[in-house]
Amino acid sequence: MTEQFGLLLLWGTIVGLDLASVGQIMIARPLVAGTVAGLILGDPLAGGTVGMVLELFALDVLPVGAAQYPDYGIGAVAAAATAAGSPGALGIGVAVSTGLIVAYVGELAIRVMRQANTTDVRLHGEELDAGRLRTVRSVHYRGLLRDLVRSLVVTLLGLGLAVVTYRWAPTTLSGALLMTLVLIGAGIGAASAGIIRVVERGAVIRWFGLGLVVGVLYVVVVQ
Amino acid sequence: MNPLTATWLRTLLVQASFNYDRMISVGAAWAIQPLLRGLPERRYREAMRRATQFFNAHPYLVGMAMSAVARTELAGEPGETVRRLRHALISPLGSVGDRLIWAGVMPAAVGIGLVVAALVSPVAGAVTFLVLYNVAHFTMRTWALRAGWHKGRQVAQALTGRGLKQGMRVAGPIGALAVGLAIPVAGGWLARGFSLHAKLGVAMVGLLAVAFAQWILPSFRGLRFGIVAALVALVIGWAFR
C-alpha cells in the first residue's frame with residue numbers, strides 16, 4: 001500500500017467531499033469508493049467486494065436534512081486498503097470492520113464540522129443578515145475548507161487503521177471467517193431494514209417483497 | 001459566464017457550509033448571487049439580505065428555488081412576496097427530492113449496481129450505478145433550475161406537473177424492487193464458497209439485524225449493529241480457536 005498511499009489519500013479526500021459538500025455525484029457510495037480504491041491497489045475484486053458489503057450497510061441511511069450519517073465512502077477506501085492482497089473471504093470481515101469503524105469516525109467528524117460551521121455563521125450573523133457578499137463567500141469557502149480537512153484527516157486515520165489491521169489483525173482464522181459471515185448477514189439486515197423504513201407504505205413494500213422472492217429464486221436455482 | 005450556468009455550477013457546492021442555524025442558506029445565497037447581479041444596487045443589497053436567511057431544500061432541487069426567487073426579484077416584486085415564495089418552497093422541494101431521489105432513484109440505481117456487480121464484476125456494477133444515478137441526478141438539477149427560471153413566482157406549477165407526479169409514483173416501487181432483488185443476489189455472491197449451513201447463518205444474522213432495527217432497539221441499527229456483531233464474532237473466534 002506504501003506506493004499507492006498518496007493516491008489513496010487523494011481518492012479518500014475526494015470521496016469525503018462528494019458525500020455532501022461537492023457535487024454529490026455519489027462516488028462516495030461504498031460500491032464506487034471501494035472498487036476504485038481496489039483498482040488503485042491493483043485488487044479491484046477485493047475493493048469491490050468490501051464495497052458491496054458496505055453498500056448494503058449504506059442502504060440503511062436516508063441523508064435528509066440535518067440527519068447524521070456515517071461516512072461509508074472513506075470507510076470503503078480504508079476497507080479496500082485492508083482487504084487488498086488478502087486471500088479471499090479471510091480478509092473481508094476484518095476489512096469491513098475497519099470500514100465500519102472509519103465510517104463511524106467520519107460521522108463524528110461531520111458533526112464536529114457542522115458545529116464549527118454553525119459557530120462561524122453565528123459569529124458573522126450580523127454581516128450575513130446584511131447580505132454582505134464578501135462574508136457570504138468567506139463563510140461558504142471556510143465550510144468547504146473544513147470539509148476538505150475533515151475528509152483528509154479521516155482518510156489518513158482510516159489508512160493508518162488499515163495498515164494496523166492488515167499487519168496485526170487481532171483475530172484467528174476461524175474468527176476472520178466468522179466475521180466475514182456475520183458482517184455479510186448484518187449488511188443484508190441493514191439494507192432490508194433501511195428499505196422497509198424508507199418505503200413504509202403497503203403497496204411499495206410489496207414490490208420489495210417481489211424483488212426478494214425473485215432474487216432468492218435466482219440464487220437457489222442458479223447458484 | 002451565463003448567470004444561469006454560474007448558478008447551476010454553484011448549486012453543486014450548495015451544502016459546503018451546512019450549519020444547524022441556517023441550514024444551506026449561506027450556500028444558497030452564494031449560488032443565487034450571479035442571477036441577482038442585474039438588479040439595481042439598492043434592490044441587489046435587499047435581495048442578498050433575504051438570500052442569507054434560513055433556507056433548506058433537497059440539494060438537487062435547490063436550483064429551482066434559486067432561479068424562481070431570482071426571477072421574482074428581477075420582476076421587481078415586493079420583498080415580502082419574495083420572502084413568502086422562498087419560505088413556501090422549503091417543504092415541497094425537500095419532500096419531492098426525498099421521495100424521488102433518496103427513496104426512489106438512489107435505491108434503484110444502487111440495487112441495479114449491486115446486481116450487476118454480483119453477476120458481471122464489481123467494476124461493471126460501480127460504473128452502471130454511477131451512469132444510471134447521474135443521468136437522473138443531472139437531469140433533475142437542470143430541469144429544476146430551468147423550471148424555476150421559466151415559471152418564476154408560478155413555480156408551484158412545475159412541482160405539481162404530471163411528469164413529476166408520475167416519476168414519484170414509480171420511483172419508490174422501482175427502488176424497492178431493485179433493492180429486494182439485489183439483497184439475495186449480492187448476498188449469495190458474497191457468501192459464495194461457504195457451506196449451506198454458513199449461508200443459513202448469514203440469513204439468520206440478517207433477520208436478527210432487521211428485528212433489532214424494526215422492533216427491539218430501533219436506534220441500534222446498521223453501522224452500530226455491524227460493529228457490535230463484528231466484535232462478538234471476534235470474541236467467539238478467539239474462544240473457539
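**Exercise 1. Contacts and fold of chain A**

Task: Among contacts in chain A between residues at least 6 apart in sequence, determine what percentage joins residues at least 24 apart, and describe the secondary structure of chain A.

Solution.
Step 1. Of the contacts in chain A between residues at least 6 apart in sequence, 74% join residues at least 24 apart. The model under study is a predicted one.
Step 2. Chain A contains nine helices and zero strands. Its pattern along the sequence is accordingly written α-α-α-α-α-α-α-α-α.
Step 3. Taken along the principal axes, a box of roughly 65 × 50 × 25 Å holds the C-alpha atoms of chain A. Chain A has 223 residues, of which 59% count as buried.

**Exercise 2. Confidence in chain B**

Task: State the average pLDDT of chain B, and identify the helices where confidence in chain B is lowest and highest.

Solution.
Step 1. The average pLDDT of chain B is 93, and 100% of the residues score at least 70.
Step 2. Confidence in chain B is lowest in helix H7(B), residues 156-159, with a mean of 88. It is highest in helix H6(B), residues 122-151, at 97.
Step 3. For the model, the scores are ipTM 0.95 and pTM 0.95.
Step 4. A general caution applies to such values: predicted coordinates should not be read in detail where pLDDT is low.

**Exercise 3. The span of two helices**

Task: Compare the span of H6(B) with the value expected at 1.5 Å a residue, and do likewise for H9(B).

Solution.
Step 1. H6(B) has 30 residues and, at 1.5 Å a residue, should span 44 Å. The expected span is 1.5 Å times one less than the number of residues.
Step 2. The end C-alpha atoms of H6(B) are 43 Å apart, which agrees with the expectation. Just after this helix, Gly152(B) takes a positive phi of about 55°.
Step 3. Helix H9(B), residues 196-216, has 21 residues. From its first C-alpha to its last it reaches 28 Å, close to the expected 30 Å.

**Exercise 4. The two faces of H9(B)**

Task: List the buried residues of H9(B) and explain why they line one face of the helix.

Solution.
Step 1. The buried residues of H9(B) are Val202(B), Val205(B), Gly206(B), Ala209(B), Val210(B), Phe212(B) and Ala213(B).
Step 2. Viewed down the axis of H9(B), these buried residues fall within an arc of 155°, so they line one face of the helix.
Step 3. The face turned away from the buried side of H9(B) carries the exposed residues Leu196(B), His197(B), Trp215(B) and Ile216(B).
Step 4. The cover over the buried residues of H9(B) includes helix H8 (173-199) of chain A, as well as helices H8 (162-190) and H10 (223-239) of chain B.

**Exercise 5. The contact between the chains**

Task: State how many residues each chain gives to the contact, and describe the side of chain A that touches chain B by class.

Solution.
Step 1. Chain A gives 91 residues to the contact and chain B gives 87 residues.
Step 2. On the side of chain A that touches chain B, the largest share, 22 residues, comes from H8(A).
Step 3. By class, that side of chain A has 56 nonpolar, 27 polar and eight charged residues.
Step 4. One residue of helix H8 of chain A is Ile196(A). Leaving aside residues up to four places away in sequence, Ile196(A) touches Ile205(A) and Gln214(B).
Step 5. Ile196(A) counts as partly exposed because it has 17 C-beta neighbours inside 10 Å.

**Exercise 6. The nonpolar core**

Task: Name the residues with the most contacts inside the largest nonpolar core, and find the helix that gives the most to this core.

Solution.
Step 1. The largest nonpolar core has 160 residues, and those with the most contacts inside it are Ala37(A), Val50(A), Val77(A) and Ala80(A).
Step 2. Helix H5(B), residues 79-119, gives the most to this core, with 19 residues.
Step 3. Beyond residues up to four places away in sequence, Val50(A) touches several residues, including Gly34(A), Ala80(A), Ile92(A) and Gly99(A).

**Exercise 7. Positive phi in a loop**

Task: For Gln24(A), give the phi value and decide whether the residue is buried or exposed.

Solution.
Step 1. Gln24(A) has a positive phi of about 50° although it is not a glycine. It is found in the loop between H1 and H2 of chain A.
Step 2. Gln24(A) counts as buried because it has 23 C-beta neighbours inside 10 Å.
Step 3. Met26(A) lies in the loop between H1 and H2 of chain A, and its phi is near 75°, again positive in a residue other than glycine. Met26(A) is buried, with 21 other C-beta atoms within 10 Å.

Definitions and conventions. Residues are numbered from 1 along each chain as its sequence is written. Chains are lettered from A and ligands numbered from 1 in the order in which they are written. This is a predicted model: local features need pLDDT of at least 70, side-chain atom pairs count only at pLDDT 80 or more; totals for chains, interfaces and linings use all residues. Helices (H or I, at least four residues) and strands (E, at least two) are DSSP runs, numbered from the N terminus. A residue is buried if 20 or more other C-beta atoms lie within 10 Å of its own, exposed if 12 or fewer, and partly exposed in between; C-beta atoms are placed from the backbone. The arc is that of the directions from the helix axis to the C-beta atoms. Two residues are in contact if their C-beta atoms, placed from the backbone, lie within 7 Å. Ala, Val, Leu, Ile, Met, Phe, Trp, Tyr, Cys and Pro count as nonpolar, Asp, Glu, Lys and Arg as charged, and the others, Gly among them, as polar. pLDDT is the predictor's confidence in each residue, from 0 to 100. A nonpolar core is a set of buried Ala, Val, Leu, Ile, Met, Phe, Trp, Tyr and Cys residues joined through C-beta atoms within 7 Å.
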